[in-house]
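Colleague: Before I plan around this protein, I would like to go through its model with you, one question at a time. Could you show it to me first?

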Amino acid sequence: MPVVAVAGGTGKLGRAIVDAIKAASKFEVVVLARQADDEKANEIGARIVAVDYNSPDAIATVLEENHVEIAISALGGLESRDQELNLIGGADKSSVTKRYIPSVWGIRYTEEFALSFPPAASKLRYLETLESTSLEWTAVLNGYFLDYFGAPKVKTYMPPMAVVVDLANNFAAIPGSGDVPVTFTHTFDVGAFVAALLTKEKWDKESYIIGDKVTLNEFVRIAEEVKKVKFTIEHDSINKLKTSQITELPSHPQFYGFFPKQMLQGMFSTFELMVDSGAFDFKPTRSLNDQFPEIKTMTVREIITKAYRA
């Protein structure tokens with residue numbers, strides 16, 4: 001059975017991808033981590049292989065020793081940029097690794113986004129680096145993770161984090177007009193499509209997933225219908241967002257202990273500007289949904305209903 005390695009596969013998106021690959025039973029999956037953990041390996045049902053992310057040569061050795069044909073990165077966090085670049089380098093050096101999915105997971109980032117959103121700059125660097133390798137690769141674009149709106153009530157490995165719509169507190173702060181469509185996809189659906197993608201003989205450079213697509217105004221209307229309550233709705237102008245400010249949602253202060261308010265507002269204001277620009281309004285000529293119609297995705301209405309039906 002061919003072997004797939006998932007970097008960052010012990011939690012969050014990576015864990016969802018590991019679960020889906022295991023469920024499909026077409027590939028053996030191993031998890032790359034900074035250290036082995038037998039207890040965690042038993043919990044997720046996959047081997048955890050220790051890897052030194054500081055050394056492309058060491059990574060290449062681990063990939064070769066474990067016969068890894070495909071490497072998938074779900075690395076995240078402030079320290080992930082160099083680790084990802086080294087992982088790409090190690091995969092390229094490996095004599096057995098032929099395919100790679102980088103940690104992009106979101107939208108098609110641009111140089112303009114990169115100026116105000118550092119993660120975008122990192123993701124563009126990953127793609128530039130991959131272009132110079134012999135690896136076949138694809139960037140999976142799935143929009144915004146739907147999980148955030150159901151956690152922790154609906155199963156996910158993602159943490160709760162309200163942006164724009166605070167379902168728990170019946171509150172929304174809409175950026176711009178609120179009429180620009182946004183693509184939302186649950187990580188479990190991302191995992192299912194990735195598992196299917198691994199079976200394709202040839203990859204496109206971009207692989208689109210559209211779990212659901214609604215405007216933010218529609219999102220709020222759905223939430224009001226499901227919860228049978230009227231939301232308090234504020235509106236943030238584009239000029240306000242350009243100053244790195246947003247209307248504070250009721251659930252935001254609980255995060256300030258580890259995510260300072262200024263940093264959170266800066267990140268979310270940039271996200272909301274990207275939404276208003278249409279970056280999340282996917283219109284691909286061909287999506288993974290088209291190629292794998294048997295995979296049914298969770299919708300905005302479904303996740304809100306599961307989490308908050310009155």
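What follows is a conversation about a predicted model, taken element by element.

Colleague: How do helix α4 and helix α6 pack, roughly parallel or roughly perpendicular?
Modeller: Two packed helices are described by the angle between their axes and the distance between those axes. For α4 (residues 80–93) and α6 (residues 118–131) the axes lie 10 Å apart and the angle is about 10 degrees. Angles under 35 degrees count as roughly parallel, and therefore the arrangement of α4 and α6 is roughly parallel.

Colleague: Which residues in α6 are met by residues of α4, and how many residues of this contact are nonpolar?
Modeller: From α4 the contact takes in S80, R81, E84, L85 and I88, and on the side of α6 these residues meet A121, S122, R125, Y126, T129 and L130. Sorted by class, the contact of α4 with α6 has 3 charged residues and 3 polar ones, and the number of nonpolar residues is 5.

Colleague: What span should the 14 residues of α4 have, and how far apart are its end C-alpha atoms?
Modeller: At 1.5 Å a residue, the 14 residues of α4 should span 20 Å. The expected value agrees with the model, because the end C-alpha atoms of α4 are separated by 20 Å.

Colleague: And what distance does α6 reach from its first C-alpha to its last?
Modeller: α6 has 14 residues, for which 20 Å is expected at 1.5 Å a residue. The distance in the model is close to that expectation, and from first C-alpha to last α6 reaches 21 Å.

Colleague: Which elements do the buried residues of α4 pack against?
Modeller: Buried here means under 20% relative accessible area, and in α4 the residues that qualify are S80, Q83, E84, L85, N86, L87, I88, G90 and A91. The elements against which these buried residues pack are β1, β2, α3 (56–65), β4 (68–73), β5 and α6.

Colleague: What covers the buried residues of α6?
Modeller: The buried residues of α6 are A120, S122, K123, L124, Y126 and L130. Their cover includes α4, β5 (99–101), α5 (111–116) and β6 (136–137).

Colleague: Is strand β1 mostly covered or mostly open, and what is the bridge partner of V3 in β2?
Modeller: Strand β1 (residues 3–7) is mostly covered, with 5 of its 5 residues buried. The cover extends to both faces, since V3, A5 and A7 on one side are buried, as are V4 and V6 on the other. β1 runs parallel to strand β2 (residues 28–33), to which 5 bridges join it, and within β2 the bridge partner of V3 is E28.

Colleague: Which strands stand at the edges of the open sheet of β8, β11 and β13?
Modeller: The order in this open sheet of 3 strands is β8-β11-β13, and the pairing is mixed. 2 bridges join β8 to strand β11 (residues 181–185), the two running parallel, and in that pair F145 stands opposite T185. A strand with a single partner has one side left without a neighbour in the sheet, so the edge strands are β8 and β13 (212–215).

Colleague: Does R15 count as buried or exposed, and which residues does it touch?
Modeller: R15 lies in helix α1 (residues 12–24), and at 8% relative accessibility R15 counts as buried. Leaving out residues up to four places away in sequence, R15 touches G8, G9, T10, K40, E43, I44 and Y157.

Colleague: Where is the residue that a cis peptide bond joins to A151?
Modeller: Most residues other than glycine have a negative phi, and most peptide bonds are trans. The bond between A151 and P152 is cis, with omega about 0 degrees. The place of P152 is the loop between β8 (144–145) and β9 (165–166).

Colleague: What is the phi of K12, and what is that of S25?
Modeller: K12 lies in helix α1, and its phi is positive, near 50 degrees, although K12 is a residue other than glycine. S25 is found in the loop between α1 and β2, and S25, which is not a glycine either, has a positive phi of about 60 degrees.

Colleague: Which residues are in contact with P159?
Modeller: P159 lies in the loop between β8 and β9, and P159 counts as partly exposed at 34% relative accessibility. Leaving aside neighbours within four places in sequence, the residues in contact with P159 are K12, Y148 and A151.

How values were computed:
Residues are numbered from 1 along each chain as its sequence is written. This is a predicted model: local features need pLDDT of at least 70, side-chain atom pairs count only at pLDDT 80 or more; totals for chains, interfaces and linings use all residues. Side-chain values use heavy atoms; hydrogens and water are left out. Axes are lines fitted to C-alpha atoms, for helices over the stretch in contact, and angles run from 0 to 180 degrees between N-to-C directions. Helices (H or I, at least four residues) and strands (E, at least two) are DSSP runs, numbered from the N terminus. Angles under 35 degrees count as roughly parallel, over 145 as roughly antiparallel, 65 to 115 as roughly perpendicular and the rest as oblique. Contact means heavy atoms within 4.5 Å. Ala, Val, Leu, Ile, Met, Phe, Trp, Tyr, Cys and Pro count as nonpolar, Asp, Glu, Lys and Arg as charged, and the others, Gly among them, as polar. The expected span of a helix is 1.5 Å times one less than its number of residues. Buried means under 20% relative accessible area, exposed over 50%, partly exposed in between (1.4 Å probe, protein chains only). Two strands pair if DSSP finds at least two bridges between them.
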